[in-house]
Amino acid sequence: MSLPPPSPAEFLASASPETRVVVRYRIEGGLTDALGLLVGTADGDCTVRTRQADVVIPLVNVVAAKEVPAAPPRRRPRV
């Protein structure tokens, strides 16, 4: 018999910093996602470094989280 998978908060707490993750979490009025590098977890929060900014997410608001593959290389702009 296998163990159940970790909860999203347990996954984030045990993942190594610099792991690329997507985190779905509750916000007022619905849900949103953060995609980027996990900076770390502390004091009941996790921090994800997205392209725009660091996003601090309370772990109690996380509904799903998983590791994702490295981002594809960015395309060169057309001239």
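## Glu18 and its surroundings

Leaving aside neighbours within four places in sequence, Glu18 is in contact (heavy atoms within 4.5 Å) with Leu37 and Leu38. Glu18 lies in the loop between α1 and β1, where helices (H or I, at least four residues) and strands (E, at least two) are DSSP runs numbered from the N terminus. With a relative accessible area of 51%, Glu18 is exposed; buried means under 20% relative accessible area, exposed over 50% and partly exposed in between, with a 1.4 Å probe and protein chains only. From Glu18 to Val48 the distance is 9.1 Å, C-alpha to C-alpha, although the two are 30 residues apart in sequence.

The model is a predicted one, in which local features need pLDDT of at least 70 and side-chain atom pairs count only at pLDDT 80 or more, while totals for chains, interfaces and linings use all residues. Residues are numbered from 1 along each chain as its sequence is written, and side-chain values use heavy atoms, with hydrogens and water left out.

## Overall fold

The protein chain has one helix and five strands, which run α-β-β-β-β-β from the N terminus on. Its C-alpha atoms fill a box of roughly 55 × 35 × 20 Å along the principal axes, and 23% of the 79 residues count as buried. Among the contacts with a separation of 6 or more, 42% are between residues 24 or more positions apart.

## Nonpolar core

The largest nonpolar core (a set of buried Ala, Val, Leu, Ile, Met, Phe, Trp, Tyr and Cys residues joined through side-chain atoms within 4.5 Å) has 13 residues, and those with the most contacts inside it are Leu12, Val23, Cys46, Val48, Ile57 and Val62. Two or more residues come from each of α1 (8–14), β1 (20–27), β2 and β3 (45–49), with β1 giving the most, three residues.

Not counting residues up to four places away in sequence, Val23 touches Leu12, Val48, Ile57 and Val62, and its list of partners also includes Thr32, Asp33 and Ala34.

## Largest pocket

Arg20, Leu35, Gly36, Leu37, Arg49, Thr50, Arg51, Gln52 and Ala71 line the largest pocket. On a 1 Å grid over the protein atoms alone, a pocket is an open set of points where a 1.4 Å probe fits, with protein on both sides within 12 Å along at least five of seven lines, and lining residues have an atom within 4 Å of a point. Strand β2 (residues 30–42) gives the most to this lining, with three residues.
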